[in-house]
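Student: I'm new to this one. Could you walk me through how to read it, one feature at a time?

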Amino acid sequence: MTNKPLVSVIIPTYNRAHLISETLDSVLAQTYANWECIVVDDGSTDNTENMIKNYVAIDHKFKFYNRPENAIKGASSCRNFGLKRASGKYVVFLDSDDLLLPHCLSNRILKAKEVPNLYFWVFPMAVQNNGKQHIISIPKCDDYLKAFLSCNIYWQTMCTLWDIEFLKALNGFNSRYPRLNDPEIHIRAMFHANSNYRVFGDGIYDSVYREAPITNKSAYALNYFKALQLFVPDMCNQLVTHKKRTQKKLLKGYLNHYIKDFERHTPWKNMVALYGVFYRNNVIPFSEYLSSTGNYLLLKLFNVIFKKMKFGY
């Protein structure tokens with residue numbers, strides 16, 4: 001089927017028995033027929049495995065695996081395991097609570113044929129929140145690498161159609177990261193692809209990201225903090241390797257984002273340590289590190305004194 005190359009859809013999952021059937025139905029509904037769907041379970045304790053095995057029984061194009069016990073737990077580890085078992089020329093990653101629209105694979109293969117010999121192709125998506133969908137357009141940008149380095153994440157995991165050989169050469173996702181998996185792999189891909197990729201920002205959207213609320217912001221903030229401790233030095237090393245050292249300062253966007261959304265859910269020691277990560281990797285200068293940590297600690301001390309004066313403890 002050279003005219004209709006095989007597409008491997010890889011889905012990591014964990015305790016999604018209540019949602020995954022809709023995701024798998026969206027794969028089953030594709031107008032493009034030459035696909036395989038590889039689902040890798042991350043140790044679910046609900047009925048997820050039985051739900052998936054029902055689809056395997058219905059259609060041999062569905063394949064089910066459990067993450068090996070010696071592999072790191074997490075979605076990225078499951079994605080990498082699925083990649084090792086993928087047979088397609090192209091790969092699409094899909095989270096187990098998101099959806100592909102029926103035209104998704106046919107649309108992507110058509111574009112890959114129109115603009116061939118690239119390493120990856122990117123397509124718009126919609127976001128679904130409280131049952132309502134709105135399209136997330138991808139703005140035209142002279143340098144998407146700079147945008148991602150600045151924490152302007154213009155697309156998500158399922159928006160990308162990957163050439164499998166390029167993806168394997170990248171060694172897939174970095175499974176050490178508890179967060180920031182999407183920007184990390186796309187930044188790394190853009191470093192290695194140079195300009196050999198295409199973003200169809202004005203194309204039709206073909207996938208749906210079902211947004212879920214963050215129920216435990218303290219746990220989320222801790223994972224984000226741990227990821228930044230890995231992400232910042234890794235990205236700085238990539239910038240040095242690719243002779244873009246001066247762009248380190250762009251990474252401050254991640255610090256600003258963390259401060260805006262998660263500082264109040266972070267222990268003060270972690271916050272001070274985070275400022276240190278950005279300073280030690282030359283993202284922020286020493287003067288800014290001193291002023292930021294000093295102002296932050298003074299504000300914390302003021303809040304403690306204020307509470308003691310107001311509540312007597």
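Student: Is helix H3 (residues 75-84) largely enclosed or open, and why?

Tutor: This is a predicted model, by the way. To judge a helix, see how many of its residues are buried, meaning under 20% relative accessible area. In H3, 8 of the 10 residues are buried, so the rest of the structure largely encloses this helix. Among the buried ones are Cys-78, Arg-79 and Phe-81.

Student: What do the buried residues of H3 pack against?

Tutor: They pack against strands E1 (7-13), E2 (35-41), E3 (62-66) and E4 (90-93), plus helices H6 (164-169) and H7 (181-193).

Student: Which residues touch the most other members of the largest nonpolar core?

Tutor: The general idea: in soluble globular proteins, nonpolar side chains tend to be buried together. Here the largest nonpolar core has 90 residues, and Trp-162, Leu-228, Phe-231 and Tyr-254 touch the most other members. Helix H8 (residues 217-241) gives the most to this core, with 10 residues. Beyond its neighbours within four places in sequence, Leu-228 has contacts including Leu-180, Tyr-254 and Phe-278.

Student: How are H9 and H10 arranged, roughly parallel or roughly antiparallel?

Tutor: Look at the angle: over 145 degrees counts as roughly antiparallel. H9 and helix H10 (residues 268-280) pack at about 165 degrees, with axes 10 Å apart, and are therefore roughly antiparallel. Tyr-254, Leu-255 and Tyr-258 are among the H9 residues that meet H10, where the partners include Leu-274 and Phe-278. The residues of this contact divide into 8 nonpolar, no polar and 1 charged.

Note on methods. Residues numbered from 1 in each chain as written. Predicted model: local features only at pLDDT ≥ 70, side-chain atom pairs only at ≥ 80, totals over all residues. Heavy atoms only, no water. Core = buried A, V, L, I, M, F, W, Y, C linked by side-chain atoms within 4.5 Å. Buried < 20%, exposed > 50% of the residue type's maximum accessible area, 1.4 Å probe, protein only. Helix = DSSP H or I, 4+ residues; strand = E, 2+ residues; numbered from the N terminus. Contact = heavy atoms within 4.5 Å. Axes fitted to C-alpha atoms, helices over the stretch in contact; angles between N-to-C directions. Parallel < 35°, antiparallel > 145°, perpendicular 65-115°, else oblique. Nonpolar A, V, L, I, M, F, W, Y, C, P; charged D, E, K, R; others polar.
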